[in-house]
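Trainee: I would like a close look at a single part of this chain, with its setting explained afterwards. Please take it slowly.

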Amino acid sequence: MRRGLAGQDHGLNKASAAGGAELVSLPPRLRKFVRDIEDVFLRLCQDLPPEIRIELECLKDKLVWLKAKGKVKINHSVMELVCAKELLAMGYSVDVEHEIGGLVCDVYAELDGRGLVVEIETGFVPPEHALDPMRYCMARVASKIARYGSLTDSFALALPPHYVAVVPEAFLSPGESRSEEQVAAIKELCDYYYHNPPVSPEEIRSARLDWVFIIDVDRLSVKVMEPSTYLRAARAFLRAVGGP
């Protein structure tokens, strides 16, 4: 049997205990989370062989354990589980909420010694940015690519189908071909929202975007797209509605 990256280092024994508790004995915030994540897990497992189901269950239990500690939310967690199932089925070893390079990424996967980081962006805008939601979302996407896009061999930005992300075109070209103006523009955008720590020019220049994953939770599916294909489709839609 293949063994996923989740392993015992992430306290999965504790997570399994939390996941196996009676729902009525759990606090309301955890009870709803467990009910929802169990529902998604069972639906995902319908076409899985037993060895992959076991690995996915470990990831589900880890998310429950982290929720009990107040470290994850349901919208991210269900997308992580759908993404993990797809990667497991492709032969990857998979972990969720994985520490790498001093950061915690949403999904980490390995296949044949090569690593893949997946960061999920839902398009959520906090109330304090109600007056600049588009610019805030643009900065959030740019900062995620800059911070996570050079941590391992490849990087994917994962999005729900109901959110159209604005991806800086500079990230579609090799880092050495990015102009000083492009790097400065991305840094200025990120610095307006993120200061602790700020995104560095070196991160912006070394980051890359290899894939865009469209994670459809309603259908429990993942569509893998070339970034250039996604960018063309996003731009066409935004132009049609008068966006940037």
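Leaving aside its neighbours within four places in sequence, which residues is Thr 122 in contact with?

Mentor: This is a predicted model, in which local features need pLDDT of at least 70 and side-chain atom pairs count only at pLDDT 80 or more, while totals for chains, interfaces and linings use all residues. Residues are numbered from 1 along each chain as its sequence is written, and side-chain values use heavy atoms, with hydrogens and water left out.

Leaving aside neighbours within four places in sequence, Thr 122 is in contact with Asn 75, His 76, Met 79, Pro 160 and Tyr 163, where contact means heavy atoms within 4.5 Å. Thr 122 itself is found in the loop between strand 3 and helix 5 (133–148); helices (H or I, at least four residues) and strands (E, at least two) are DSSP runs, numbered from the N terminus. With a relative accessible area of 16%, Thr 122 is buried, a word that means under 20% relative accessible area, as against over 50% for exposed and in between for partly exposed (1.4 Å probe, protein chains only). The side chain of Thr 122 also reaches the backbone nitrogen of Phe 124 at 3.4 Å. Measuring C-alpha to C-alpha, Thr 122 and Leu 159 are 6.0 Å apart in space, although 37 residues apart in sequence.

Turning to the setting, the largest nonpolar core has 40 residues, of which Leu 56, Leu 81, Leu 87, Val 94, Val 118 and Phe 213 touch the most other members; such a core is a set of buried Ala, Val, Leu, Ile, Met, Phe, Trp, Tyr and Cys residues joined through side-chain atoms within 4.5 Å. Among the elements that give two or more residues to this core are helix 3 (50–68), helix 4 (74–89) and strand 3 (114–120), and the largest share, eight residues, comes from helix 4. Leu 81, again leaving aside neighbours within four places in sequence, is in contact with Ile 37, Val 40, Phe 41, Leu 44, Leu 56, Leu 59, Lys 60 and Leu 63. Apart from this core lies another, of 36 residues, including Ala 142, Phe 155, Val 183 and Tyr 230.

For the chain as a whole, the secondary structure comes to eight helices and six strands, and 50% of the 244 residues count as buried. Among contacts with a separation of 6 or more, 68% are accounted for by residues 24 or more positions apart.

Technical notes:
A polar contact is a pair of N or O atoms within 3.5 Å; within protein, one must be able to donate a hydrogen and the other to accept it, and residues adjacent in sequence count only if both atoms are side-chain atoms.
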